[in-house]
Amino acid sequence: MAELGSKGVTAGKIASNVQKKLTRAQEKVLQKLGKADETKDEQFEQCVQNFNKQLSEGTRLQKDLRTYLASVKAMHEASKKLTECLQEVYEPDWPGRDDTNKIAENNDLLWTDFHQKLVDQALLTMDTYLGQFPDIKSRIAKRGRKLVDYDSARHHFEALQTAKKKDETKIAKAEEELVKAQKVFEEMNVDLQEELPSLWNSRVGFYVNTFQSIAGLEENFHKEMSKLNQNLHDVLLGLDKQYSGNAFPVKAQPRKKTKLFARLRKKMSSDSTPAKANKSPSPPPDGSPITSPETKTVNHELEASTLEAPGASIPKSPSQPAEAARAGAEAAGSEAAAGAEASKTEADSGSSSLPAVVVETFPATVNGTVEGGASSERADMPPGFLFKVQAMHDYTATDTDELQLKAGDVVLVIPFENPEEQDEGWLMGVKESDWIQHKELDQCRGVFPENFTERVQ
């Protein structure tokens, strides 16, 4: 019997709660349709808006503070590994080894202390501050439900009073429920009307205390860290003085093939100098055509791709006799002759109607990038001028085709005559002072390591 009674009480409460939900839902519908008036408090609604804003800002601050603490912890780990690396590479016989170990230990303690104080003075305070919001938020929602109950009881009482057939018993009961609903609502409303403005105003002091704590902790941390860094700097300065003769050198990238091309270029330049001086050379006694070494240079890869392209138009001319090719090759020097002989062999292996000489023009490239051209040339700059660089370190030339640089020298960068000659990490150029004085590329230009310079224009 006790269980049945208990079940009956539980069932009664459930039925009562269901009835309240139905009554509230009905009241809300009537209010939205404009068939029932709604009790409103604009001042309280403003307090609720402030509360929601304050909760949103506090939640964001808490999230960002946790992110900040995670970053501090990550920096601690990175700093710890960096000092451990220093301890490992610092050899026992070097001066200041004990000092570096002590600095590393203090560095670790300083980071740990900084992180812990941030947790105690900022994060825990933040958690306490936000801990009061869930309860107030729940009470605001409950007040809203009690306000709907009050409006519903009021409307029910008014409806019974205005009915044609009045039932005094029902009216008395409705009035009793109205008074009860009003009392419950007003008690909750009064409490929140006092708490919400007070909570809203407390945000200023909370923000001030939080950020003052963070700023003060950071200031002390950086002061102490600055002292440790100064101590480490002094220790390393002492090490540097003892081993000052072993300066860290700046090295250029090794060159692979430029020397060979430089010898070929110098040989061809020296052989072709008389031809440039004599603009109208006399024809050979045997009547063979005059062919300069430059016109015999063939880009075999491009020639092949040109022949294979569909619709390509190739001018036809009689095949050049082998004797004439050999004569021209000898005029260009022994090394140029070898290249001409290879060109003839590849040409003879194809169609007999192909021209013996294919002349193509390529855009200048620096490190694989097409630059320069007529649009970039200036009257006061060398032909094909690309940009200026300034030497950051001295460079001692190791070959005749290299530029000797001093820190501060300005170099005018120009393209390689043959892009295939360019080694990775090397540029072709002429020192600005030499160009201004001589206006001559053949004697002044040379290659230099790019990592010894920086671009200035």
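Buried means under 20% relative accessible area, exposed over 50%, and partly exposed in between. The model used in these exercises is predicted.

**Exercise 1. Salt bridges within helix 4**

Find the salt bridge of glutamate 158 and classify the accessibility of both partners.

Solution.
- Step 1. The partner of glutamate 158 is arginine 154, with the closest N and O atoms 3.7 Å apart. That falls within the 4 Å cut-off for a salt bridge.
- Step 2. Both residues belong to helix 4, and four residues, about one turn of the helix, lie between their positions in the count.
- Step 3. Arginine 154 has a relative accessible area of 12%, so this residue is buried. Glutamate 158 has 36% and therefore counts as partly exposed.
- Step 4. Elsewhere, salt bridges with shared partners link Asp135, Arg139 and Glu195 into one network.

Now take the bridge between arginine 139 and aspartate 135, and place it in the helix.

Solution.
- Step 1. The closest N and O atoms of this pair are 3.7 Å apart.
- Step 2. Arginine 139 and aspartate 135 are separated by about one helical turn, because they are four residues apart in helix 4 (residues 133-161).
- Step 3. Aspartate 135 has a relative accessible area of 47%, so aspartate 135 is partly exposed.

**Exercise 2. A salt bridge in helix 3**

Describe the bridge between aspartate 113 and lysine 117, then compare the class of each residue with the cut-offs.

Solution.
- Step 1. The closest N and O atoms are 3.3 Å apart.
- Step 2. Both partners lie in helix 3 (residues 97-130), four residues apart, about one turn of the helix.
- Step 3. Aspartate 113 has a relative accessible area of 36%, so aspartate 113 is partly exposed. Lysine 117, at 34%, is partly exposed too.
- Step 4. The structure's count of salt bridges comes to twelve.

**Exercise 3. Surface patches**

Which residues gather in the patch of negative charge, and in which helix does glutamate 186 lie?

Solution.
- Step 1. The patch consists of Glu186, Glu187, Asp191 and Glu194, on the surface.
- Step 2. Glutamate 186 is part of helix 5 (residues 168-242).
- Step 3. Its relative accessibility is 38%, so glutamate 186 counts as partly exposed. A patch residue needs over 30% relative accessible area.

Next, name the members of the nonpolar patch and give their accessible area together.

Solution.
- Step 1. Ile14, Val18 and Leu22 make up this surface patch, and together they have about 280 Å² of accessible area.
- Step 2. Leucine 22 belongs to helix 1 (residues 2-32).
- Step 3. Leucine 22 has a relative accessible area of 53%, so leucine 22 is exposed.

**Exercise 4. From strand 3 to strand 6**

Trace the strand pairings through strand 4 and strand 5, and say how each pair runs.

Solution.
- Step 1. Strand 3 (residues 387-391) is joined to strand 4 by four bridges, and the two run antiparallel. Here valine 389 is opposite valine 411.
- Step 2. Strand 4 is joined to strand 5 (residues 426-431) by four bridges, again antiparallel. Valine 411 has lysine 431 as its bridge partner in strand 5.
- Step 3. Strand 5 and strand 6 are also antiparallel, with four bridges between them. Methionine 428 has valine 447 as its bridge partner in strand 6.

Is strand 4 largely enclosed or open, and which way do the residues of strand 6 point?

Solution.
- Step 1. Strand 4 (residues 410-414) is largely enclosed by the rest of the structure, because four of its five residues are buried.
- Step 2. In strand 6 (residues 446-449), Gly446 and Phe448 point one way, while Val447 and Pro449 point the other way. All of these are buried.
- Step 3. In a regular strand, side chains alternate between the two faces of the sheet.

**Exercise 5. Helix 10 and the loop after it**

Locate isoleucine 436 and lysine 439, and classify both.

Solution.
- Step 1. Isoleucine 436 sits in helix 10 (residues 432-438). Its relative accessible area is 57%, so isoleucine 436 is exposed.
- Step 2. Isoleucine 436 and proline 382 are 54 residues apart in sequence, and 9.7 Å apart in space, C-alpha to C-alpha.
- Step 3. Lysine 439 lies in the loop between helix 10 and strand 6. With 45% relative accessibility, lysine 439 counts as partly exposed.
- Step 4. The phi of lysine 439 is near 55°, a positive value in a residue other than glycine.

Technical notes: Residues numbered from 1 in each chain as written. Predicted model: local features only at pLDDT ≥ 70, side-chain atom pairs only at ≥ 80, totals over all residues. Heavy atoms only, no water. Patch = residues over 30% accessible without salt bridge, like charges linked within 9 Å, V, L, I, M, F, W, Y side chains within 5 Å. Areas by Shrake-Rupley, 256 points an atom, 1.4 Å probe, with all protein chains shown as cover. Salt bridge = Lys/Arg side-chain N within 4 Å of Asp/Glu carboxyl O. Lys, Arg positive; Asp, Glu negative; His and termini not counted. Charge placed at Lys NZ, Arg CZ, Asp CG, Glu CD. Buried < 20%, exposed > 50% of the residue type's maximum accessible area, 1.4 Å probe, protein only. Pairing = 2+ DSSP bridges.
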